[in-house]
Amino acid sequence: MMAQSNSIPLDLILKLVRGYVELLERRPILVKSVTSGLIGAVGNFVAQNTGKGKNEQVKERSIFAFALFGFGVSGPLVHFFLNWLAKHGPSNPILKVILDRFGFAPIYLLLILYLLPRLEVRVGVIQMLWNS
């Protein structure tokens, strides 16, 4: 007698992936933005909870800032850059990687380092106004 598995059926996973790909084809910027925002928020939450002591609290402002950055900046920016690179960039894949890593990546990292702290402060101001 075989043991029953509590895992998600493969059919459900395939259906979800097909639905995601279909949405990606219909609304690419929105889907990429939402995906980037969710990944940023979940990643920040996991990072905050890895190796934490019992008395440390999760910083919601940071989670929301990463979600906002992913949704409003990262998703659209990466979409447009990669589309531009595919259409107008060099045909040599190695040159594409070099352009991405040495041209786009440093600018993107500067945006992250500049915008994320400012988004966290703005989220704090919004929370303060909302709670008053």
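These legends go with a set of close-up views of one predicted model.

**View 1. The whole chain, helix after helix.**
Before zooming in, here's the overall layout of this predicted model. The protein chain has four helices and zero strands, so reading along the sequence simply gives α-α-α-α. Of the 132 residues in the protein chain, 20% are buried. About 10,400 Å² of the chain is exposed, and carbon and sulfur atoms supply 68% of that area. Take the contacts between residues at least 6 apart in sequence: 65% of them join residues at least 24 apart.

**View 2. Where helix H1 meets helix H2.**
Here we look at H1, residues 10-26, and H2, residues 28-49. Their axes come within 5 Å and cross at roughly 125 degrees. That angle makes H1 oblique to H2, because it falls in neither the roughly perpendicular range of 65 to 115 degrees nor the roughly antiparallel range over 145. On the H1 side, the contact is made by Tyr20, Leu23, Leu24, Glu25 and Arg26. H2 brings Pro28, Val31, Lys32 and Thr35. Sort the residues of this contact by character and you get five nonpolar, one polar and three charged.

**View 3. A ring cluster with Phe69 and Tyr108.**
How many aromatic pairs does the model hold? The count comes to four. Zoom in on Phe69 and Tyr108: their ring centres sit 6.1 Å apart, with the planes at 50 degrees. The pair counts as tilted because that angle is neither under 30 degrees, which would be stacked, nor over 60, which would be edge-to-face. Phe69 belongs to helix H3 (residues 60-88) and Tyr108 to helix H4 (residues 93-131), so the pair ties together parts that are 39 residues apart in sequence. Are these two residues buried or exposed? Phe69 is buried, with a relative accessible area of 5%. Tyr108 has 18% relative accessibility, and it also counts as buried because the cut-off is under 20%. Stepping back a little, ring pairs link Phe69, Phe81, Trp84, Phe104 and Tyr108 into a cluster.

**View 4. Lys32 and its neighbours.**
Lys32 sits in helix H2, and we've already met it in the contact with H1. With 30% relative accessibility, Lys32 counts as partly exposed. Leaving out residues up to four places away in sequence, Lys32 touches Leu24, Gly75 and His79. Look for Pro76 in this view too: its C-alpha atom is 7.1 Å from that of Lys32, although the two are 44 residues apart along the chain.

**View 5. His79, seen from the H3 side of the story.**
His79 is placed in helix H3. Is it buried or exposed? At 8% relative accessibility, His79 counts as buried, whereas Lys32, one of the residues it touches, is partly exposed. Again setting aside residues up to four places away in sequence, His79 touches Pro28, Ile29 and Lys32. Pro28 is also one of the H2 residues in the contact with H1. As for Ile29, it is 50 residues from His79 in sequence, yet the C-alpha atoms of the two are 6.7 Å apart in space.

**View 6. Lys59 in the loop between H2 and H3.**
We finish with a residue outside the helices: Lys59 is found in the loop between H2 and H3. Lys59 has a relative accessible area of 57% and is exposed, because the cut-off for that label is over 50%. For a landmark, try Phe45, which is 14 residues from Lys59 along the chain. The C-alpha atoms of Lys59 and Phe45 are separated by 8.4 Å.

Key. Residues are numbered from 1 along each chain as its sequence is written. This is a predicted model: local features need pLDDT of at least 70, side-chain atom pairs count only at pLDDT 80 or more; totals for chains, interfaces and linings use all residues. Side-chain values use heavy atoms; hydrogens and water are left out. Helices (H or I, at least four residues) and strands (E, at least two) are DSSP runs, numbered from the N terminus. Buried means under 20% relative accessible area, exposed over 50%, partly exposed in between (1.4 Å probe, protein chains only). Contact means heavy atoms within 4.5 Å. Accessible areas come from the Shrake-Rupley method with a 1.4 Å probe; for residues, only the protein chains shown count as cover. Axes are lines fitted to C-alpha atoms, for helices over the stretch in contact, and angles run from 0 to 180 degrees between N-to-C directions. Angles under 35 degrees count as roughly parallel, over 145 as roughly antiparallel, 65 to 115 as roughly perpendicular and the rest as oblique. Ala, Val, Leu, Ile, Met, Phe, Trp, Tyr, Cys and Pro count as nonpolar, Asp, Glu, Lys and Arg as charged, and the others, Gly among them, as polar. Rings of Phe, Tyr and Trp (its six-membered ring) pair if their centres lie within 6.5 Å; planes under 30 degrees apart count as stacked, over 60 as edge-to-face and the rest as tilted.
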